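Let's take a friendly walk through this model, starting with its internal spaces and moving on to how its helices pack. Have the structure open as you read.

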Amino acid sequence: MLPQKQAEEAMVSTFDQIESGDRDREDEEREKDQSAGFSFKTFLWHGGSVYDAWFSCASNQVAQVLLTLPYSFSQLGMISGIILQIFYGILGSWTAYLISILYVEYRSRKEKENVSFKNHVIQWFEVLDGLLGPYWKAAGLAFNCTFLLFGSVIQLIACASNIYYINDNLDKRTWTYIFGACCATTVFIPSFHNYRIWSFLGLGMTTYTAWYMAIAALVHGQVEGVKHSGPTQLVLYFTGATNILYTFGGHAVTVEIMHAMWKPQKFKYIYLLATLYVFTLTIPSATAVYWAFGDQLLTHSNAFSLLPRTAWRDAGVILMLIHQFITFGFACTPLYFVWEKVIGMHDTKSICLRALARLPVVIPIWFLAIIFPFFGPINSAVGALLVSFTVYIIPSLAHMLTFRSASARQNAAEKLPFFLPSWTAVYLFNAFVVVWVFVVGFGFGGWASMTNFIKQVDTFGLFAKCYQCAPKGPPPPRPAPAHH
């Protein structure tokens, strides 16, 4: 009974320390705001509440992938598409929950050692280092940074793909150059604490686009001779499944979002609530567009390419362009933090100096977007090879190893969830996630997505000037000169 009592006392002490630290942090922020008086800058710029975190998660979870889900449905079929969305939504919410538990555990242990994070943003690789050692830090850093790098690349590719449907006077590669320069301005946003208004607007933009897609497809009706033959090939089936795994694996920035909160321990169920909202966007839109266009989507990875051009569609394209700028910032900001720490600029208070130091991060992203402009197939490749480890396998294994000893379980900073109050059940579910994602996501998904990706390279080549662009017809003949 004595060890149990000591464990409970330690747990209470830990919570008191975290609560005290959080109260100090929240009070400091509020005092800063009050001293400046109410202003729009304060209202729009300083976010750290539970609501800010929810908007960040829901806004960041679906961006350009919203436009590729109908393409995935054409590969999977309607029933598999819906089931896999729900399945991977649950798995993604679970591993986001695990990441939040590990963050609180790491922070509580460090604060017991009187470590201050006042001018330091905690990142996922640092959590792994503090709980499991340098090898886990290296694995977390490699997978997370590579995923976020290609996540940023995908947003740039999507910008060029979308704007082309409004203005095709320039090819997609030229649009990539232009939007690369525009997205580079995200270097001026200091941290996730400053994404309050962007997260709010971003969610409004994806909500509009999703419901526009659903309503436009229903109003348009089914095309003549529509066929819904999916699934027809294993390669296509697992490519589509991996794109959905990628869709609900957007929580590589969970730790940074938590660290921007005034009370990070309240994050636990935020990602699940965000996912439930996202279901109301992804399932109706993908289902309606696939119902209307069927197998045509197999050669049109961007849903905008099939929807009739109207002012409503153009509004959706413009809103998605703005949202992709926001999501680029979400994916790139953790990379900015890592780079700042490498060159010793992370504590610098000058926004301009930090922005200048961050610029080298944007250049390789720009370059990769020009090399691999394969909107759609690149999502599946990134999902299989990077997302499967970054946000599914590594968090599950890390949670199992962190709490493998009886003393670690007794002294855990967070109690077990009410819906799974047994350590044995938690371990079994974590083991299921690891095995399923490794075999189905990384194994079959990796084979299928890379096969499809290589096919795109063979068909269009690297540095493709205008991926999946419809050939333009010859210019109309000039009228014959009049004979006098």
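## Cavities

This is a predicted model, and eight cavities of 30 Å³ or more are found in the structure. The largest of them has a volume of about 230 Å³. Its lining is made up of 18 residues. If you would like to find the middle of this cavity, look for Asn60, Phe147, Tyr246, Gly250 and Thr327, the lining residues that lie nearest its centre.

Which helices supply the lining of the largest cavity? At least two residues each come from α3, α7 (134–163), α10 (234–247) and α13 (311–343). Helix α7 gives the most, with four residues. Sorted by class, the lining of the largest cavity has ten nonpolar and eight polar residues, and no charged ones.

## The second largest cavity

The second largest cavity holds about 80 Å³ of space, and 14 residues line it. Gly47, Asp52, Ala53, Ser56 and Phe192 are the ones nearest its centre.

Helix α3 turns up here too: α3 and α9 (196–220) each supply at least two residues of this lining. The largest share, three residues, is from α3. In terms of class, the lining of the second largest cavity has six nonpolar, six polar and two charged residues.

## Helix α3 against α12

Now for the helix pairs. Two packed helices are described by the angle between their axes and the distance between the axes. Helix α3 (residues 50–61) packs on helix α12 (residues 270–293) at an angle of about 45°, and their axes are 9 Å apart. That angle makes α3 oblique to α12. The crossing of this pair is right-handed.

On the α3 side, the contact involves Val50, Ala53, Trp54, Cys57, Ala58 and Gln61. These meet Ile270, Tyr271, Leu273, Ala274, Thr275, Tyr277 and Val278 of α12. The contact of α3 with α12 comprises eleven nonpolar and two polar residues, with no charged residue taking part. Ala53 of α3 belongs to this contact and is also among the residues nearest the centre of the second largest cavity.

## Helix α7 against α13

How do α7 and α13, both contributors to the lining of the largest cavity, pack on each other? Their axes come within 9 Å and cross at roughly 160°. The two helices are therefore roughly antiparallel to each other, and their crossing is left-handed.

From α7, the contact includes Leu141, Cys145, Leu148, Leu149, Gly151, Ser152, Gln155, Leu156, Ala158, Cys159, Asn162 and Ile163. Facing them in α13 are Val317, Met320, Leu321, Gln324, Thr327, Phe328, Ala331, Cys332, Pro334, Leu335 and Val338. By class, the contact of α7 with α13 has 17 nonpolar, six polar and no charged residues. Thr327 is worth a second look: this residue of α13 meets α7, and Thr327 is also one of the residues nearest the centre of the largest cavity.

## Helix α8 against α14

Helix α8 (residues 172–183) and helix α14 (residues 351–371) have axes that come within 10 Å and cross at roughly 165°. This pair is therefore roughly antiparallel, and α8 passes α14 in a right-handed crossing.

Arg173, Thr176, Tyr177, Gly180 and Ala181 of α8 make the contact together with Val362, Trp366, Ala369 and Ile370 of α14. The classes of the residues in the contact of α8 with α14 are six nonpolar, two polar and one charged.

## Backbone details

Two spots in the loops round off the tour. Most residues other than glycine have a negative phi, and most peptide bonds are trans. Where does the cis peptide bond with omega of about 0° lie? It joins Gly230 and Pro231, and Pro231 is placed in the loop between α9 and α10.

The other spot is Asn114, a residue other than glycine with a positive phi, near 60°. You will find Asn114 in the loop between α5 (78–112) and α6 (124–132).

Key: Residues are numbered from 1 along each chain as its sequence is written. This is a predicted model: local features need pLDDT of at least 70, side-chain atom pairs count only at pLDDT 80 or more; totals for chains, interfaces and linings use all residues. Side-chain values use heavy atoms; hydrogens and water are left out. Axes are lines fitted to C-alpha atoms, for helices over the stretch in contact, and angles run from 0 to 180 degrees between N-to-C directions. Angles under 35 degrees count as roughly parallel, over 145 as roughly antiparallel, 65 to 115 as roughly perpendicular and the rest as oblique. A crossing is left-handed if the near helix is turned anticlockwise from the far one by less than a right angle, and right-handed if clockwise. Contact means heavy atoms within 4.5 Å. Ala, Val, Leu, Ile, Met, Phe, Trp, Tyr, Cys and Pro count as nonpolar, Asp, Glu, Lys and Arg as charged, and the others, Gly among them, as polar. On a 1 Å grid over the protein atoms alone, a cavity is a set of points where a 1.4 Å probe fits but cannot get out, and a pocket is an open set with protein on both sides within 12 Å along at least five of seven lines; lining residues have an atom within 4 Å of a point. Grid points are joined across faces, edges and corners, and a volume is the space filled by probe spheres set on the points.
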